[in-house]
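The exercises below concern pairs of oppositely charged side chains, and each is followed by a solution that goes step by step. Please look at the model before reading the solutions.

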Amino acid sequence: MMEARRDVFQAIADPTRREIINLVSQESMNLNAIADRFDMTRQAVSLHIKILQECGLIMINQQGRERFCEAKLTQLKEISDWVDQYRQFWQQNFDSLDKYLQKIQSTNKSTGKPTKKSTTQSPNKSKRNKNGK
Amino acid sequence: MESKHPTSEAPELLITRVFDAPKQLVFNAFAEAEALSQWWGPPGVPITVVQLDFRPKGSFLYKATMQGQTAHGKFVYGQISKYDLLEFTSSFSDEAGRTIRAPFSQQFPLEIFNRLEFSELNGKTTITMKGYPVNASEAETQFYTAMKNGMQQGFAGTFAQLDHYLSKLL
């Protein structure tokens, strides 16, 4: 059997699990109270909670005879964190694209040639211009 | 131009950037190995293009070495419409080009879908770039946004807890 990788994106791929996180992010709730909110068996709800727990999105605390589910905010924060990291990565790459474009355009200008490639030219069968620079 | 969108419809990531160059030139910077090797990659780290097959379903593989460690990156192209549109799914990969998880985080999406639109006005080109995790449906995307906004508004005690966590992370 393949190893089932638990990741946060997989965890929240299911609408019931998203609803569970929504509920417990407002207040800690015990398992029975959560199960009462859904039109499915307690076992089914427990399974969703187990997956969420394995992904680190919720934590279960035993309090006396009851088990309370609590949302783990760091994990939720990390879900949105990738956006910030990725945005920064692209901004930096766009900065270097900008420099690259300036560089090649100033090269074109200094050689006094209009952009070679984009000008339409009649097909040249024998000679392939490899732009030998 | 105003780049604010209603949160419920916003993609995970939206970046708009204007370049002082015609769009053929800007687009070609994404299409040619020689160009990519001069500007793409982790900031300040030169990349080596391993493979570039710039067409739908083709892929781009590159490697970057920093602090003695080599990381590989991969794009798999989706729609390509010359000078106007470019789509690709980006991920980290192993040497053989197989998709792997980001080395720095388990929570970083395995694959990210990127859509870039190029438009030219008065010799300047605007790239509108959208990105979101491949496995996320629209409902999930809205979910993160809602969670994020919820956290920003702060549910009484939990916000302080988040703050505390963040201060530890920084």
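**Exercise 1.** In this predicted model, determine whether A:Arg42 is buried, partly exposed or exposed, and find which side chain meets that of A:Arg42 in a salt bridge.

*Solution.* Begin with accessibility: A:Arg42 has a relative accessible area of 41% and is therefore partly exposed, since the partly exposed class lies between 20% and 50%. Next, turn to the partner, which is A:Asp36, with 3.1 Å from N to O; this distance satisfies the criterion because the cut-off is 4 Å. Finally, A:Asp36 is itself exposed, at a relative accessible area of 56%.

**Exercise 2.** Identify the residue with which B:Lys23 forms a salt bridge, and state where in chain B the two partners lie.

*Solution.* The partner is B:Asp84, and the closest N and O atoms of the pair are 2.5 Å apart. Locating the two residues shows that the pair links distant parts of the chain, 61 residues apart: B:Lys23 belongs to helix α1 (residues 23–31) of chain B, whereas B:Asp84 sits in the loop between β4 (69–81) and β5 (85–93) of chain B. As to accessibility, B:Lys23 counts as buried at 19%, because the limit for that class is under 20%, while B:Asp84 is partly exposed at 33%.

**Exercise 3.** Find the salt-bridge partner of B:Arg98, and then establish how many salt bridges there are over all chains.

*Solution.* B:Arg98, which is exposed with a relative accessible area of 56%, pairs with B:Asp94, their closest N and O atoms being 2.9 Å apart. Elsewhere, B:Glu87, B:Arg115 and B:Glu117 are joined in a network of salt bridges. Over all chains, the count comes to 9 salt bridges.

Terms used: Residues numbered from 1 in each chain as written. Chains lettered and ligands numbered in written order. Predicted model: local features only at pLDDT ≥ 70, side-chain atom pairs only at ≥ 80, totals over all residues. Heavy atoms only, no water. Buried < 20%, exposed > 50% of the residue type's maximum accessible area, 1.4 Å probe, protein only. Helix = DSSP H or I, 4+ residues; strand = E, 2+ residues; numbered from the N terminus.
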